[in-house]
Amino acid sequence: MEVALTKPHGSPSSALLREDGSGAGGQVASSRLTPWRRWRGHILVGLLVMVLLAAGTAGIAALVSAAKNKKNDAGHGADPGPAPAEPLARARFLMRHTPLLDAHNDLPWEIRNKAKLDVNAVDLTVTSPAYQTDIPRMREGELGAQLWSVYTACASQYKDAVRQTLEAIDTVNALARKYPETLAMASNAAEVSSLFARGHIASLMGMEGGHQIDSSVMALRQFHALGVRYMTLTHNCNAGDPAAPWAGSCCPISGPTNVGLSEFGRNVVAEMNRMGMMVDLSHTSVETMSDALDVTRAPPIFSHSNARALCDVPRNRPEGGGVVCVTFVPGFLVPGGVNASLSNVVDHIMYIGNRIGYDHVCIGSDFDGVETLPAGLATPADYPDLFAELIRRGVSDDNINAILSGNLLRVLAATERRRRTS
C-alpha cells in the first residue's frame, strides 16, 4: 500500500511513502514521520499479541473438546483394531463401533404417568426403581441411539390424542435439552451415525398408533415435521371410526376384528412414503399387514414384535417380509410369558435371522412399556449380555452389526430416499 504525502507550506512536490518508511528513491523519510513509524510498530505488536491469544484460546478449546469427546464417545469412531475373542468383550467392542439403535422405549409415557410430564422432576443421571431407563444404565449397556415412543392411549382418539402426542414429542425434546452431553435429537440415518461418533445417544421418535392422528393426514404431516420417524398403524384399538376403521388392530379392545386398510388407510400409508416416515406394522391385524405390504413402496418395520412361530400370539409377526425388531415383552417370547429369559430373546432373533435372513431383524426392547421383563434383560444395562449370547451361539460380526442398527438405519435411509423420489 502507498500513501501520498504533501510537503508543508504548499510545496508542489510530493513523495510516495512505502510501507518500509522509505521514499520513492529508497531513502528513509524525514524525522517528521517518526511518530507514524512508532505507532505502526505498536499496532503490529498489538496484532501479533491478538493472534497469539486467539491461537492459545483455540488450542485450549480444542484440548477441552477433545477431552470431553474422549470421555463421551468411549472409543466411537476410533480405529477398531482386532476384536477380542471373549464373547462379552467382543460384544462391547462391536457396540462401541456400531450404534445399538433400539426401536421402542416408552420412557416418555412413564414420565407422563409418574411425573405429570414434568421432565425437571425426573433425574436420569441416577438409577431409580421408578424407571427402567436412565443415563447410567444406557451408557453401561452401550446404547447408541433410541427411537422413543411418543404414545398416547387409545381412549384419547377423537378427544385429545393430537395434544397428548404433542406433549410426548415435547417431553423427548425436553430430555435432550436437559441432558445435552448425552442425548441429541436426530432426524435421519446420517445424523444417527454422526451423533454416535461424537459420543451422543441419538434420539428419534416413533408414534405408537394411528389413532393418534384423529384421522387427519394434516396432523400426520405435522408430526413428521416435528421429528416423528415412524407410525405404528394401530395400537390395541382400530384406527378411525369405531364402526368403519381405516386400519385394523390385531387385538382391538372393542369394535370389529379382522379388519384391513380402508381406502383412507391406504392413502395414509402412501402419504407416509411420500413424507419419508417408516410404516410400522406391530399391533396390526394380519389383514392390515397384508394391505400395507401391498401399498408401501418403502420397507416396513415391526418396531416391537417377535416370531409367531415361536410364540403364537396375535402381536407377533407371522412369516413374511419387513424388518422385525425383537421385543423383550415376556408374553411375546414364550406362551403365557412365564419364566421368559434372555435366552428366549436370542431364540427369536436367530429364528428370524436363519429363517428370513439377518438383514430382517433388529431390537425393539419396550423398556418402560412393561412391568416385567425376561431374566437377564431387566434394563438397558443388560444389552451387551444379549449380544454376547448371540456371539456364543455363532452369529457373525457382520450379522451382529446388522442387528445393532444396520438393518433399521437401512430402512430409515430407504424411506428417506423414497421421500426424495416421490
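**Exercise 1.** In which loop is the place of Ser215?

*Solution.* The model examined here is predicted. Step one is to locate the flanking elements: strand E6 (201-208) lies on one side and helix H7 (217-225) on the other, and Ser215 is in the loop between them. Step two concerns the backbone: Ser215 is not a glycine, yet its phi is positive, at about 55 degrees. For comparison with the general rule, most residues other than glycine have a negative phi. Step three concerns accessibility: the relative accessibility of Ser215 is 26%, and therefore Ser215 counts as partly exposed, since that class lies between under 20% for buried and over 50% for exposed.

**Exercise 2.** Determine the location, the phi angle and the accessibility class of Tyr158.

*Solution.* Tyr158 belongs to the loop between strand E4 (143-149) and helix H5 (161-178). Its phi is positive, about 65 degrees, although Tyr158 is not a glycine. With a relative accessibility of 42%, Tyr158 counts as partly exposed.

**Exercise 3.** Describe how helix H10 and helix H11 are arranged and which residues meet.

*Solution.* First, take the axes: those of H10 (residues 342-355) and H11 (residues 383-392) come within 10 Å and cross at roughly 55 degrees. H10 is therefore oblique to H11. Next, the handedness of the crossing is right-handed. Then list the partners: from H10, Leu342, Val345, Val346, Ile349 and Met350 meet Asp385, Leu386, Glu389 and Leu390 from H11. Finally, sort these residues by class: the contact has 7 nonpolar, no polar and 2 charged residues.

Terms used:
Residues numbered from 1 in each chain as written. Predicted model: local features only at pLDDT ≥ 70, side-chain atom pairs only at ≥ 80, totals over all residues. Heavy atoms only, no water. Axes fitted to C-alpha atoms, helices over the stretch in contact; angles between N-to-C directions. Helix = DSSP H or I, 4+ residues; strand = E, 2+ residues; numbered from the N terminus. Parallel < 35°, antiparallel > 145°, perpendicular 65-115°, else oblique. Left-handed = near helix turned anticlockwise from the far one by under 90°. Contact = heavy atoms within 4.5 Å. Nonpolar A, V, L, I, M, F, W, Y, C, P; charged D, E, K, R; others polar. Buried < 20%, exposed > 50% of the residue type's maximum accessible area, 1.4 Å probe, protein only.
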